[in-house]
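The following exercises concern charged side-chain pairs and their burial. Work through each task before reading its solution.

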Amino acid sequence: MNALYTRASHVLIGAVLLLGLAGCNEAEQSEQRLDPVAFHAEDECHVCGMVISDFPGPKGQAVEKGGVRKFCSTAEMLGWWLQPENRMMDAKLYVHDMGRSTWEQPNDEYLIDATSAYYVAGTSLKGAMGAVLATFTDEAAANALAEEHGGRVLRFDDIDQSVLQQSSGVHHGTSDPQHAHAGH
């Protein structure tokens with residue numbers, strides 16, 4: 001009887017090990033790519049719930065295995081990202097390259113890695129919420145916008161809550177009180 005239990009336990013342990021190894025291999029093979037996705041007319045900002053397409057300027061998104069969080073502006077995305085609990089996520093951040101897009105309607109074909117982008121803060125341009133941060137792949141394009149519209153060029157790691165709060169007024173480009181937003 002003991003031999004039967006010993007044999008059964010060895011078979012059971014072997015089966016568990018094989019399933020575990022198969023699971024590891026399956027996880028490697030099914031690793032999801034974290035590519036950017038298009039914005040749609042009905043998309044709402046993950047932070048404020050406003051319709052993203054109602055506002056000009058670059059947008060942001062955080063893509064992770066569980067889905068995509070979309071934001072009505074780069075500043076909204078970065079404000080969300082700066083929260084300690086969000087920085088723990090395995091998310092890839094994207095923003096529009098405004099060197100290859102129009103301000104009124106950024107082109108989703110030109111979503112770039114937010115961590116390598118050049119940001120122009122403090123411009124006279126209108127956007128969705130709080131600080132307007134124009135984003136670029138090319139440093140020369142960022143400098144040109146800063147010269148034309150004011151502001152300064154920053155890198156991803158330079159952006160903190162003080163940068164996001166420096167122009168905390170409403171920048172919606174509309175006088176509609178329904179679109180007014182006091183911030184987060």
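**Exercise 1.** Determine whether Glu 64 is buried or exposed, and classify Arg 69 likewise.

*Solution.* Step 1: apply the cut-offs, namely buried for under 20% relative accessible area, exposed for over 50%, and partly exposed in between, with a 1.4 Å probe and protein chains only. Step 2: Glu 64 has a relative accessible area of 17%, so this residue is buried. Step 3: Arg 69 has a relative accessibility of 21% and therefore counts as partly exposed. Step 4: the two residues form a salt bridge (a side-chain nitrogen of Lys or Arg within 4 Å of a carboxyl oxygen of Asp or Glu), with 2.0 Å between the closest N and O atoms.

The model is predicted: local features require pLDDT of at least 70 and side-chain atom pairs pLDDT 80 or more, while totals for chains, interfaces and linings use all residues. Residues are numbered from 1 along each chain as its sequence is written, and side-chain values use heavy atoms, without hydrogens and water.

**Exercise 2.** State which parts the salt bridge between Asp 43 and Lys 70 ties together.

*Solution.* Step 1: the closest N and O atoms of Asp 43 and Lys 70 are 2.6 Å apart. Step 2: Asp 43 lies in the loop between helix 1 (2-29) and strand 1 (60-64), and Lys 70 in strand 2 (residues 67-71), so the pair links parts 27 residues apart in sequence. Helices (H or I, at least four residues) and strands (E, at least two) are DSSP runs numbered from the N terminus. Step 3: both Asp 43 and Lys 70 are buried.

**Exercise 3.** Classify the accessibility of Arg 100 and of Asp 97.

*Solution.* Step 1: Arg 100 and Asp 97 form a salt bridge, their closest N and O atoms being 3.0 Å apart. Step 2: Arg 100, at 45% relative accessible area, is partly exposed, whereas Asp 97, at 4% relative accessibility, counts as buried.
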